[in-house]
Amino acid sequence: MTPRKRVAILISGRGSNMAALIAAAQADDYPAEIVGVLSNRAAAEGLGIAAAAGVATRALAQSRFPDRASMDAAITEQLEAWNAEIVCLAGFMRILTPEFVDRWLGRMINIHPSLLPLFKGLEPHAQALAAGASEHGCSVHFVTHGMDEGPVILQARVPVLPEDNSETLAARVLAEEHRLYPKALAMLARGEVSFQRPAHHGN
Ligand code: GRF
C-alpha cells in the first residue's frame, strides 16, 4: 500500500470538521493520516478533541508575533516539523499572507459552507436566506489568493426549507460538511485532483 499522505489541520474553534477528518483517517484504507492540529486560538475547543484522539496539537497566537508574515512563517515552521504534505483549513478564521498561500499552493484546501462561488465570506447561511436561495450547501476547494476562491473539488447540496433560519440551515449544511471534507481530502491524497500555479502567475 502506498504511504498515507501526512495532513495537518488548521482550526480556530469548535473543530467539528477537524473531528470528522480525524475519524475518517482512522480507517485502515484511508489515504491520509492526521499528523497535527494547529490553532490560532489557544481556547479553541477542537484542540482538546484532537489531543484526546492522540493527535499532536499546537496553539500560536498572533499577539506573540510582530506581524502577520512572521506568524505565518511560524505556522509553516510547525507544519514542516510535522512533515505535513497537505494542509486542511477547517474553520480557520484568519486571512493568510500571499507567501503562505504560495508555499502550500495545490496542497492546501478549505471547506466553506456555501455553494461557491455563491455567498463567500462571513455568514453564508444568512446570505443564502437573504438571497431567497432554494438550495444551499458546502464546498471544498483549493486555497488560492482570494478568500473562498480557488477551484472547487467537491460540493454537497441541501434544500432550503421555508421555516429555516440561519441556525437550522447551518446545522443541515454542517452534517454534509462532515461527509464532504473527508471525501475531498481522500481525493487529493490519492492524487485524483490537483491544482497547479497558472503558467503566467506573478507577471
Ligand atoms: C464550518 O461551517 C466551516 O465550513 C466554516 O467554519 C465552520 C467551522 O466549524 N469554514 P467547525 O470548527 O469545523 O465545527
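Q: How many of the residues of α1 are buried?
A: This is a predicted model. In it, α1 is mostly covered, with 7 of its 9 residues buried.

Q: Which ones are buried in α1?
A: S16, N17, M18, A20, L21, I22 and A24.

Q: What do they pack against?
A: The buried residues of α1 pack against three strands named β1, β2 and β4 (86-89), and also against β5 (108-112), α2 and α6 (166-189).

Q: Moving to the ligand. Which residues are around it?
A: R14, G15, S16, N17, G91, I111, P113 and E177 surround the ligand. S16 and N17 are also among the buried residues of α1.

Q: How far is G15 from a ligand oxygen?
A: A polar backbone atom of G15 is 2.8 Å from an oxygen atom of the ligand.

Q: And N17, which part of that residue lies by a ligand oxygen?
A: The backbone. One of its N or O atoms lies 2.9 Å from an oxygen atom of the ligand.

Q: What about E177, how far is its side chain from a ligand oxygen?
A: For E177, an N or O atom in the side chain is 2.5 Å from an oxygen atom of the ligand.

Q: Now α2. Which of its residues are buried?
A: Helix α2 covers residues 45-52, and its buried residues are G46, L47 and A50.

Q: Where do those sit, seen down the axis of α2?
A: They fall within an arc of 105 degrees, so they line one face of the helix. In general, an α-helix has 3.6 residues a turn, so residues three or four places apart point the same way.

Q: What covers that face?
A: The cover over the buried residues of α2 includes β1 (5-11), α1 (16-24), β2 (32-39) and β3 (57-59).

Q: What phi does G54 take, just after α2?
A: A positive one. The phi of G54 is about 85 degrees.

Q: Switching to charges. How many salt bridges does the structure hold?
A: The structure holds 8. One of them joins D72 and R94, with the closest N and O atoms 2.7 Å apart. This pair links distant parts of the chain: D72 is in helix α3 (residues 68-81), R94 is in the loop between β4 and α4 (98-103), and they are 22 residues apart.

Q: Are D72 and R94 buried or exposed?
A: D72 counts as buried, because its relative accessibility is 2%. R94 is buried as well, with a relative accessible area of 13%.

Q: Which residue does E80 meet in a salt bridge?
A: R103. The side chains meet at 2.7 Å, N to O. E80 is in helix α3 and R103 in helix α4, so to speak of sequence, they are 23 residues apart.

Q: How is E80 classed, buried or exposed?
A: In between. E80 counts as partly exposed at 40% relative accessibility. R103 counts as partly exposed too, at 33%.

Q: What does K120 pair with?
A: K120 and E149 meet in a salt bridge through their side chains (3.0 Å, N to O). K120 lies in the loop between β5 and α5 (124-130) and E149 in the loop between β6 and β7, so the pair ties together parts that are 29 residues apart in sequence.

Q: Where is D148?
A: D148 is in the loop between β6 (135-142) and β7 (152-159).

Q: Which side chain of opposite charge is nearest to D148?
A: K120, but it is 7.8 Å away, and the buried D148 has no salt bridge.

Q: What polar contact does the side chain of D148 make?
A: One with the side chain of H112, at 3.4 Å. Residues that D148 touches include N110, L116 and H141.

How values were computed: Residues numbered from 1 in each chain as written. Predicted model: local features only at pLDDT ≥ 70, side-chain atom pairs only at ≥ 80, totals over all residues. Heavy atoms only, no water. Helix = DSSP H or I, 4+ residues; strand = E, 2+ residues; numbered from the N terminus. Buried < 20%, exposed > 50% of the residue type's maximum accessible area, 1.4 Å probe, protein only. Lys, Arg positive; Asp, Glu negative; His and termini not counted. Salt bridge = Lys/Arg side-chain N within 4 Å of Asp/Glu carboxyl O. Polar contact = N/O pair within 3.5 Å; in protein donor to acceptor, adjacent residues only side chain to side chain. Contact = heavy atoms within 4.5 Å. Arc of directions from axis to C-beta. Near = heavy atom within 4 Å.
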